[in-house]
Amino acid sequence: MATIKPFAALRPRPDLAEKICELPYDVMASEEAREIATGNPFSFLRVSKPEIELPPGADIYAPQVYAKGKENFQRLIADGALRQEAQPCFYLYRQVMGKHCQVGLVAVASCRNTSKALLRNTN
C-alpha cells in the first residue's frame, strides 16, 4: 500500500517568484531556454537546463552539465531565493491550457510492497 505524506518544499521568495518560475524544461530547446534566461540570474532554467550556461553545442548529458545545475540550485538556496517551508505541507497545483484544466497534489509517496500486492492480486 502506498503511503502519502506532506513535505517541506523549497519555494521561491515571493518577490522573486516571477523571476524564478519558468516553463518546464522539456517544452523548449536549449537555445530558446538560453534566450529566455538571458539577463535573469534567478531563472530556474539555469537549474533544469544548465547547459544554457555552457558553450552552445555542449553535450547536454555531460557530467559538467549536471554539476552546473547542482551549483546553480545550491546558489538559489544559499542566496535565499528559494526557501524551505517551516513545516511539511501538501501542495495543490492547477494547470490550464486552453479549455483543458487539471488539478494535482504534490506530496511524498512511498510505493513500497506495491509489486507484491500486484502479484497477489493477479493469482
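Visitor: What makes up the largest nonpolar core in this predicted model?
Guide: Six residues in all: Leu16, Ile20, Val47, Leu76, Ala81 and Leu82. They count as a core because such residues must be buried and joined through side-chain atoms within 4.5 Å.

Visitor: Which residues does Ala81 touch, not counting those up to four places away in sequence?
Guide: Ala81 touches Leu16, Ile20 and Leu76. Arg11, Pro12, Arg13 and Phe42 are also on its list.

Visitor: What lies apart from the largest core?
Guide: Another core, of five residues. Among them are Met28, Ala33, Ala37 and Leu45.

Visitor: Why is Ser43 called buried?
Guide: Its relative accessibility is 1%. Buried means under 20%, so Ser43 qualifies.

Visitor: Where is Ser43 found?
Guide: In the loop between α2 (30–37) and α3 (45–48). Leaving aside neighbours within four places in sequence, Ser43 is in contact with Lys19, Ile20, Glu22 and Ala37.

Visitor: What makes the Ser43 and Glu22 side chains a polar contact?
Guide: The distance between them is 2.9 Å. The cut-off is 3.5 Å for a pair of N or O atoms, so the pair counts.

Visitor: Why does Ile4 count as partly exposed?
Guide: Ile4 has 47% relative accessibility. Partly exposed runs between 20% and 50%, so the term fits. Ile4 sits in strand β1 (residues 3–5).

Visitor: Which residues make the nonpolar surface patch of about 550 Å²?
Guide: Ile4, Phe90, Leu92, Val103 and Leu105. Patch residues need over 30% relative accessible area, so Ile4 passes that cut-off at 47%.

Terms used: Residues numbered from 1 in each chain as written. Predicted model: local features only at pLDDT ≥ 70, side-chain atom pairs only at ≥ 80, totals over all residues. Heavy atoms only, no water. Helix = DSSP H or I, 4+ residues; strand = E, 2+ residues; numbered from the N terminus. Buried < 20%, exposed > 50% of the residue type's maximum accessible area, 1.4 Å probe, protein only. Polar contact = N/O pair within 3.5 Å; in protein donor to acceptor, adjacent residues only side chain to side chain. Contact = heavy atoms within 4.5 Å. Patch = residues over 30% accessible without salt bridge, like charges linked within 9 Å, V, L, I, M, F, W, Y side chains within 5 Å. Areas by Shrake-Rupley, 256 points an atom, 1.4 Å probe, with all protein chains shown as cover. Salt bridge = Lys/Arg side-chain N within 4 Å of Asp/Glu carboxyl O.
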